[in-house]
Amino acid sequence: MSERWEKKIQEDPQMKALWDRNKRITAYHEAGHALVAHYTTDAPPIKKASVKSWGPALGHVSFQFPRSKWLMLQTKSQLLAQMDIAMAGRVAEEMVFGPDNITKGASMDLRMANNVASCMVTEYGMSKKLGLQVLIGGPFSTMGATPETRQTVEQEVRRLLQESYDRASRMLRLYRVEHERLALALLEHQSLTAEEVKMVLRGEELTHKKKDQGE
């Protein structure tokens with residue numbers, strides 16, 4: 001965000017209230033992604049978590065992808081981990097702010113999760129009901145498939161998405177205190193490295209950041 005735009009927001013009480021609200025939701029959303037990534041087996045390692053504007057996004061969590069594990073083949077467990085991380089932002093919003101206050105901020109996350117689930121079912125042979133059957137036309141096409149097969153695809157994709165959402169929900173409930181701590185740290189410091197995320201989750205103070213900020 002430019003200094004001019006930030007100054008304009010600070011000078012307008014209504015705009016500032018809206019901005020602060022969006023920032024708070026973003027912090028809990030991104031903290032959800034980061035927490036689930038940290039505690040999920042076979043998730044990619046976190047690189048950074050931030051609530052600084054990044055293009056159209058108000059925040060983001062970036063990941064490191066070691067060549068030996070991520071740039072070649074991905075296992076079913078790794079794909080499920082990606083889905084769980086994606087779901088965690090929406091889950092966090094709903095848990096903290098209530099179902100009527102979820103935002104469209106999870107749009108890209110949900111697209112990614114849907115794409116992974118669809119590929120698992122239609123291309124990767126990872127559905128028990130469809131077995132090793134591969135459907136022609138990619139993850140969003142059931143061209144040439146029978147109505148029964150199309151229905152099965154929809155059911156399997158929906159099942160994978162719901163199971164992923166439920167796993168993310170259980171994890172965020174289990175680590176509710178850590179999630180709160182991480183969201184508040186993001187609000188205070190704006191950006192956290194992977195090691196700083198781990199420190200916050202362990203309950204450690206980020207004293208080096210406070211020194212850097214002159215506190």
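**Notes on the predicted model**

1. A good place to begin is Gln190, whose place is in the loop between helix 7 and strand 3 (191-193). Its phi is near 75 degrees, a positive value in a residue other than glycine. For background, most residues other than glycine have a negative phi. Gln190 counts as partly exposed because its relative accessibility is 24%, and the partly exposed class runs between 20% and 50%. Please keep in mind throughout that this is a predicted model.

2. Asp42 makes a nice companion to look at next. Phi of Asp42 is near 70 degrees, again a positive value in a residue other than glycine. Asp42 sits in the loop between helix 2 (13-39) and strand 1 (46-50). With a relative accessibility of 24%, Asp42 counts as partly exposed.

3. Now for the overall layout. The protein has nine helices and three strands, and along the sequence they follow the pattern α-α-β-β-α-α-α-α-α-β-α-α. Of its 215 residues, 43% count as buried. Among contacts with a separation of 6 or more, 60% come from residues 24 or more positions apart.

4. Which residues of helix 5 are buried? They are Asp109, Ala113, Val116, Ala117, Ser118, Cys119, Met120, Val121 and Thr122. The length of this helix is a simple check to repeat: helix 5 covers residues 107-122, and at 1.5 Å a residue its 16 residues should span 22 Å. The end C-alpha atoms of helix 5 are 22 Å apart, so the expected and computed spans agree.

5. Helix 5 packs on helix 6 (residues 147-174) at an angle of about 130 degrees, with the axes 9 Å apart. Helix 5 is therefore oblique to helix 6, as an angle over 145 degrees would be needed to count as roughly antiparallel. The crossing of these two helices is right-handed. On the helix 5 side, the contact is made by Ala113, Asn114, Ala117, Ser118, Met120, Val121 and Thr122; helix 6 contributes Val153, Glu156, Val157, Leu160 and Leu161. By type, the residues of this contact divide into eight nonpolar, three polar and one charged.

6. Helix 7 (residues 176-189) and helix 8 (residues 194-201) form another pair worth opening in your viewer. They pack at an angle of about 135 degrees, and their axes are 9 Å apart. That angle makes helix 7 oblique to helix 8. The crossing of helix 7 and helix 8 is right-handed. Here Glu178, Arg181, Leu182 and Ala185 of helix 7 meet Val197, Val200 and Leu201 of helix 8. The residues of the contact comprise five nonpolar, no polar and two charged.

7. Finally, a look at Val91, which is found in helix 4 (residues 76-97). Is Val91 buried or exposed? Its relative accessibility is 1%, so Val91 counts as buried; the cut-off for that class is under 20%. Leaving aside residues up to four places away in sequence, Val91 touches Tyr165, Ala168, Ser169 and Leu172. Val91 and His29 are 62 residues apart in sequence, while their C-alpha atoms are 8.1 Å apart in space.

Methods. Residues are numbered from 1 along each chain as its sequence is written. This is a predicted model: local features need pLDDT of at least 70, side-chain atom pairs count only at pLDDT 80 or more; totals for chains, interfaces and linings use all residues. Side-chain values use heavy atoms; hydrogens and water are left out. Helices (H or I, at least four residues) and strands (E, at least two) are DSSP runs, numbered from the N terminus. The expected span of a helix is 1.5 Å times one less than its number of residues. Buried means under 20% relative accessible area, exposed over 50%, partly exposed in between (1.4 Å probe, protein chains only). Axes are lines fitted to C-alpha atoms, for helices over the stretch in contact, and angles run from 0 to 180 degrees between N-to-C directions. Angles under 35 degrees count as roughly parallel, over 145 as roughly antiparallel, 65 to 115 as roughly perpendicular and the rest as oblique. A crossing is left-handed if the near helix is turned anticlockwise from the far one by less than a right angle, and right-handed if clockwise. Contact means heavy atoms within 4.5 Å. Ala, Val, Leu, Ile, Met, Phe, Trp, Tyr, Cys and Pro count as nonpolar, Asp, Glu, Lys and Arg as charged, and the others, Gly among them, as polar.
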